[in-house]
Amino acid sequence: MRTEITDAARAAGRAPEEITLIAVTKYHPVELLDELYALGVRDFGENRHPESRDKANHLHERYSDARLHFIGQLQRNKARQVGRYADCIQSIDRLELVDALAKLERGDHGPLEVAIQLSLDGDSARGGVALDEATALAEAIAAVPTLKLAGVMAVAPLGAETEEAFATARSVGERIRDIVPDATMVSMGMSHDFRSAISQGATHLRIGTAITGNRPDRP
Ligand SMILES: *Cc1c(COP(=O)(O)O)cnc(C)c1O
């Protein structure tokens, strides 16, 4: 996987070191996370509470440098629970989540990293904020001292022009940097479209099956 990322980065004229691989381990047993850690993976993606909590606890008990990214749709009443263990929540797509997380106490952990999930297909059922509402959401996050806006996250729309959609995500990310200059994360690209994502400026890839093979059925 790393060789493929390096090749795609070079082809796009980018430095491979700018690109972080997040291994998406949803539905897999924790042993897989240990195996991936041993191979050098430090960033893990999970999409459902409480499975994500158990895996975060597993990682944090063992490895001081492992990070868990929550990438699934988030319900308001679970937001604070997820905020207690996640290192980054990438699926912030509405104000009510910001309000719920604003009340979070992080103890010694420091601010919680979050990213704004963009809707690239205008279908809010798949998660993500409408593009013209993203900057307002960024302003709301910037106003909460316990949250640190890392950048944007997006999933390519079904069937549409993937590269164009990723380019749109990147340009919304640039607008958000007018509000929070170090919100540099552009999290996009999955197993089947990571090359397009790299060519359009992704800083974080979320890759599952291309690393792990087929996922077990949803438990
Ligand atoms: C499952 C998932 C991925 C990984 O998808 P693959 O096709 O297995 O690489 C990436 N992002 C999100 C939001 C996911 O839910």
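In this predicted model, the strands β5, covering 112-118, and β8, covering 204-207, each contribute at least two residues to the lining of the largest pocket. That lining is made up of 25 residues in total, and the ones that lie nearest the centre of the pocket are K26, N47, I71, V155 and M190. The space in this largest pocket comes to about 600 Å³. Sorted by the character of their side chains, the lining residues of the largest pocket comprise 8 that are nonpolar, 10 that are polar and 7 that are charged.

From the pocket the reader can turn to the helices, beginning with a pair named α2 and α3. Helix α2 takes in residues 30-38 and helix α3 takes in residues 51-62, and their axes come within 10 Å of each other while crossing at roughly 40 degrees. Because angles from 35 degrees up to 65 degrees fall outside the parallel and perpendicular classes, α2 and α3 are oblique to each other. The crossing of these two helices, α2 and α3, is right-handed. On the α2 side the contact is made by V30, L33 and D34, and on the α3 side it is made by K55, H58, L59 and R62. Taken by character, the residues of this contact between α2 and α3 divide into 3 nonpolar, 1 polar and 3 charged.

A second pair of helices, α4 and α5, can be read in the manner of the first. The axes of α4, which spans residues 76-85, and of α5, which spans residues 95-102, come within 9 Å and cross at roughly 45 degrees, and α4 and α5 are therefore oblique to each other. Their crossing, that of α4 and α5, is right-handed. The residues that make the contact are R76, A79, R80 and G83 from α4, together with E96, L97, A100 and L101 from α5. In the contact of α4 with α5 there are 4 nonpolar residues, 1 polar residue and 3 charged residues.

Two details of the backbone remain, and both are best read against a general background. Most residues other than glycine have a negative phi, and most peptide bonds are trans. Y27, in contrast, has a positive phi of about 75 degrees although it is not a glycine, and Y27 is found in the loop that runs between β1 (20-24) and α2. The peptide bond leading from H49 to P50 is cis, with an omega near 10 degrees, and P50 has its place in the loop between β2 (43-46) and α3.

Conventions: Residues numbered from 1 in each chain as written. Predicted model: local features only at pLDDT ≥ 70, side-chain atom pairs only at ≥ 80, totals over all residues. Heavy atoms only, no water. 1 Å grid on protein atoms, 1.4 Å probe; cavity = no way out; pocket = protein on both sides within 12 Å on 5 of 7 lines; lining within 4 Å. Points joined across faces, edges and corners; volume = space filled by probe spheres on them. Helix = DSSP H or I, 4+ residues; strand = E, 2+ residues; numbered from the N terminus. Nonpolar A, V, L, I, M, F, W, Y, C, P; charged D, E, K, R; others polar. Axes fitted to C-alpha atoms, helices over the stretch in contact; angles between N-to-C directions. Parallel < 35°, antiparallel > 145°, perpendicular 65-115°, else oblique. Left-handed = near helix turned anticlockwise from the far one by under 90°. Contact = heavy atoms within 4.5 Å.
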